[in-house]
Amino acid sequence: MPIPLTRSNVAVVGAAALVLVAAGPARAGDAAAGREKARAVCQACHGEDGKALIPGAANLSGQQKEYLVQQLRAFQSGARRNDQMSIVAQTLTPAEIENLAEWYSSIPIIVQMPK
Ligand code: HEC
């Protein structure tokens, strides 16, 4: 049943929409921009597709976005250290971290249990 559009209903719906906007897109990354950045900076070690190309670098495709963001922030703050990643992370803005995490987490992976 449709909700009648009275003045007070509109105010309530409007306030709810504002809350959703504040909680939602602020954390959304731009996967296409992340892919560009990955191609420019990360691909030599992690691959553009997130499949690691050097020993010791992690596979990033299909990883949880939140985990990727947390690890990149940790490399940036020094809470996590690695000769290569600590340097790379210093060059990233918060928006680039969101975009890169969006890109790598958006790549579908297939997991198969061993028989
Ligand atoms: C010169 C090689 C190199 C480049 C370039 C590089 N990485 Fe890494 N990355 C590594 C290595 C090596 C590790 C493993 C670090 C460790 O052992 O702690 C790593 C780890 C990570 C991790 C943690 C993965 C996990 O499972 O905990 C993330 C996230 C990550 N890299 C993202 C990136 C992103 C995004 C870029 C591009 C902006 C990038 N890396 C560029 C070498 C690289």
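This text goes through a predicted model, from the surroundings of its ligand to its nonpolar core and then to two of its helices.

The ligand is surrounded by 18 residues. Those closest to the ligand are Cys-42, Cys-45, Ala-57, Ala-58 and Asn-82. Three elements each give two or more residues to this shell: helix H2 (31-46), helix H3 (65-77) and helix H4 (85-90). H2 has the largest share, with five residues. Sorted by class, the shell holds 13 nonpolar and five polar residues, and no charged ones.

Cys-42, one of the residues closest to the ligand, is also part of the largest nonpolar core. That core has eleven residues, namely Ala-38, Cys-42, Leu-60, Leu-68, Leu-72, Phe-75, Ile-97, Leu-100, Ala-101, Trp-103 and Tyr-104. The elements that give it two or more residues are H2, H3 and helix H5 (94-105). Here the largest share, five residues, is that of H5. Trp-103, a member of the core, touches Ala-31, Gly-34, Arg-35 and Ala-38 when residues up to four places away in sequence are not counted.

H3 gives residues both to the shell around the ligand and to the core. What length should its 13 residues span? At 1.5 Å a residue the expected value is 18 Å, and the end C-alpha atoms of H3 are 18 Å apart, so the two agree. The buried residues of H3 are Leu-68, Gln-71, Leu-72 and Phe-75. Because they cover an arc of only 95° around the axis, they lie on the same side of H3. These buried residues pack against H4 and H5. On the face turned away from the buried side, H3 carries the exposed residues Glu-66 and Ser-77. Just after the helix comes Gly-78, with a positive phi of about 95°.

The last stop is Ser-105, which is found in helix H5. Is Ser-105 buried or exposed? It has 21 other C-beta atoms within 10 Å, and a residue counts as buried when 20 or more lie within that distance, so Ser-105 is buried. Leaving aside neighbours within four places in sequence, Ser-105 is in contact with Gly-62, Gln-63, Gln-64, Lys-65 and Leu-68. Leu-68 is among the buried residues of H3 and belongs to the largest nonpolar core. Ser-105 and Tyr-67 are 38 residues apart along the chain, and their C-alpha atoms are separated by 9.4 Å.

Methods: Residues numbered from 1 in each chain as written. Predicted model: local features only at pLDDT ≥ 70, side-chain atom pairs only at ≥ 80, totals over all residues. Near = placed C-beta within 6 Å. Helix = DSSP H or I, 4+ residues; strand = E, 2+ residues; numbered from the N terminus. Nonpolar A, V, L, I, M, F, W, Y, C, P; charged D, E, K, R; others polar. Core = buried A, V, L, I, M, F, W, Y, C linked by C-beta atoms within 7 Å. Buried ≥ 20, exposed ≤ 12 C-beta atoms within 10 Å, placed from the backbone. Contact = placed C-beta atoms within 7 Å. Expected span 1.5 Å × (residues − 1). Arc of directions from axis to C-beta.
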